[in-house]
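Please open the model in your viewer and keep the selection tool at hand. The tour goes from stop to stop, with a selection to make at each.

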2 protein chains.
Amino acid sequence: MTTLMAIGGAINIEEPAIFEEFIRRAGGKKARILVLPQASSLSNAGSGYSSWLKKLGARAATALEFRDRYQADRSQHLEALRKATGIFITGGVQLRLTSLLGGTKFERELLAAYRRGTVIAGTSAGAAVQSRSMIAEGRRGPTPRQGMAQFSSGFGFTDRILFDQHFRQRDRLGRLIYGVCMNPGALGVGVDENTAAIVEEDRLITVCGKHAITIVDGTSMRATNVPEVTNSHPIAASGLTIHVLTTGCSFDLKTRKAMIPRPALSKA
Amino acid sequence: MTTLMAIGGAINIEEPAIFEEFIRRAGGKKARILVLPQASSLSNAGSGYSSWLKKLGARAATALEFRDRYQADRSQHLEALRKATGIFITGGVQLRLTSLLGGTKFERELLAAYRRGTVIAGTSAGAAVQSRSMIAEGRRGPTPRQGMAQFSSGFGFTDRILFDQHFRQRDRLGRLIYGVCMNPGALGVGVDENTAAIVEEDRLITVCGKHAITIVDGTSMRATNVPEVTNSHPIAASGLTIHVLTTGCSFDLKTRKAMIPRPALSKA
């Protein structure tokens, strides 16, 4: 089974539900985690996440620290991708990951690991890169405006979902709606901080964590004027479908329907 | 065999080599061409191309004139895609095509037609949409600069090539290099006006027409500072491989090598 975990950033280590879920899915006590810290500008991002993951029960967790494109395809790096049962991609700047790894053997091996069933988790920038068409950067605000986000090629574990992160904390509904107008074949999924969207088999999304995910489905869109709007003017779009889903809720990409658990009924 | 023809715009009807090549590949006297004029703001774009294509020998050529998203999936439109042996996508604004058709059954049927061997040709905007990560719009100039082009999801007949058009006529080398830094897994192919890049089996590119195509291959890139550059400042990139290819030349996406025909040697 393929599994993606797109985490909205700002994971609270005091509330380890998301990390525990990641380790469980990656094999629990047998989990061998590889950490990719290349998005981060902190020199200890890789070692920090590795030690947390080991404390929380992973058998092994190590970081690949290279930062140069010509080092990506070293055989020990490709071998580490083949051995991992889970891969964790840190936050930072998503273009650092894609400009470092886009078009390399490392990238192909990373996608092959995902297709074999290695669990892919990433937070913030590490969530953004999971999309094929990726939000590279953008501005905040509730109104979609022309050019308020920039797109580029992510690693593309899925081409069916456009992830955004720090979603309600950074007021990003406008840029996600703009993102869906620019990429209407992809489902917009905005993930809040300390919250994860877990995607199984590129089809079933479930929510784990403290806040919510906001889904913008553009397949129902009737019309948009995004091709005609210039500068930073507001964009019109009609017929978008929105879902706000909290922990335990799910969304099926095939049926385009959300499921919100109901309380069990009892006799009076 | 799958075939794409990405034409750089400004086709000269007095020099019909590209159209003749398209009709020949789509079945010659048996060719049934479907024209998609939705990128254009001219009401006669569809009928104009249809009548040229018939004059040049296609058995049939008709345009689908709808411009509303909710009309896309009508059964007669899907049926027309199934019957065509060639599909011609006109110029105009590429986002008009993708915001109209992204995520529709029409789009899926269009991709299925391509995979069955229906020849896909498009000029200008109709070339841009052939890429998965598409150049939606941008500025001219020889220097790559941050944000000088905007990307969005094209129809994605290929995810291995990022097409640009009106290439040398509109001085677009800067934006193509920027495009490759933002999408380094895709080969940048800038197509000049009245010139076509013909792609067979998503692997072999050959050039047809009056001017040239410019290929920017980012897989050899050593480094770029695109993640760190702000505003519209110039971007650095090292180790890109460039090929300028004219009619009769070819490029193999698998070997990453170009072939330039040599004159036959004769005895003195």
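The stops below cover a sheet, a helix, a strand residue, aromatic pairs and a core.

This is a predicted model, in which local features need pLDDT of at least 70, side-chain atom pairs count only at pLDDT 80 or more, and totals for chains, interfaces and linings use all residues. Residues are numbered from 1 along each chain as its sequence is written, chains are lettered from A and ligands numbered from 1 in the order in which they are written, and side-chain values use heavy atoms, with hydrogens and water left out.

**The sheet of chain B**

Select the nine strands of chain B that form an open sheet, in the order β3-β2-β4-β5-β1-β10-β11-β16-β17, with mixed pairing. Its edge strands, each paired on one side only, are β3 (60–63) and β17 (257–259) of chain B. From one strand to the next the twist averages 20 degrees. Strands here are DSSP runs of E with at least two residues, helices are runs of H or I with at least four, and both are numbered from the N terminus. Two strands pair if DSSP finds at least two bridges between them.

Zoom in on β10 (residues 195–200) and β11 (residues 204–209) of chain B, which run antiparallel and are joined by six bridges. Ala196(B) stands opposite Cys208(B) in β11(B).

Now add helix α1 (residues 17–25) of chain B, which lies across β1, β2, β4, β5, β10 and β11 of that chain and runs at about 165 degrees to β1(B). Axes are lines fitted to C-alpha atoms, for helices over the stretch in contact, and angles run from 0 to 180 degrees between N-to-C directions.

**A strand residue and a helix**

Select Thr214(B), which is in strand β12 (residues 212–217) of chain B. Is Thr214(B) buried or exposed? With 5% relative accessibility, Thr214(B) counts as buried, where buried means under 20% relative accessible area, exposed over 50%, and partly exposed in between (1.4 Å probe, protein chains only). Beyond four places in sequence, its contacts (heavy atoms within 4.5 Å) include Leu173(B), Leu176(B), Val189(B) and Ile242(B).

Leu176(B) is one of the buried residues of α7(B). In this helix (residues 173–182), nine of the 10 residues are buried.

**Aromatic pairs**

Rings of Phe, Tyr and Trp (its six-membered ring) pair if their centres lie within 6.5 Å; planes under 30 degrees apart count as stacked, over 60 as edge-to-face and the rest as tilted. By this rule there are 18 aromatic pairs over all chains. Select Phe66(A) and Phe106(A): their centres are 5.5 Å apart and their planes at 70 degrees, so the pair is edge-to-face. Phe66(A) lies in the loop between β3 and α3 of chain A and Phe106(A) in helix α5 of chain A, so the pair ties together parts 40 residues apart in sequence. Phe66(A) is buried at 7%, and Phe106(A) is buried at 0%.

Next, show the cluster that ring pairs form from Phe19(A), Phe22(A), Tyr49(A), Trp52(A) and Phe88(A).

**The core**

Which residues have the most contacts inside the largest nonpolar core? They are Ile87(A), Val189(A), Ile205(A), Ile87(B), Val189(B) and Ile205(B), in a core of 130 residues. Such a core is a set of buried Ala, Val, Leu, Ile, Met, Phe, Trp, Tyr and Cys residues joined through side-chain atoms within 4.5 Å. End at Val189(A), which touches, among others more than four places away in sequence, Leu176(A), Ile205(A) and Thr214(A).
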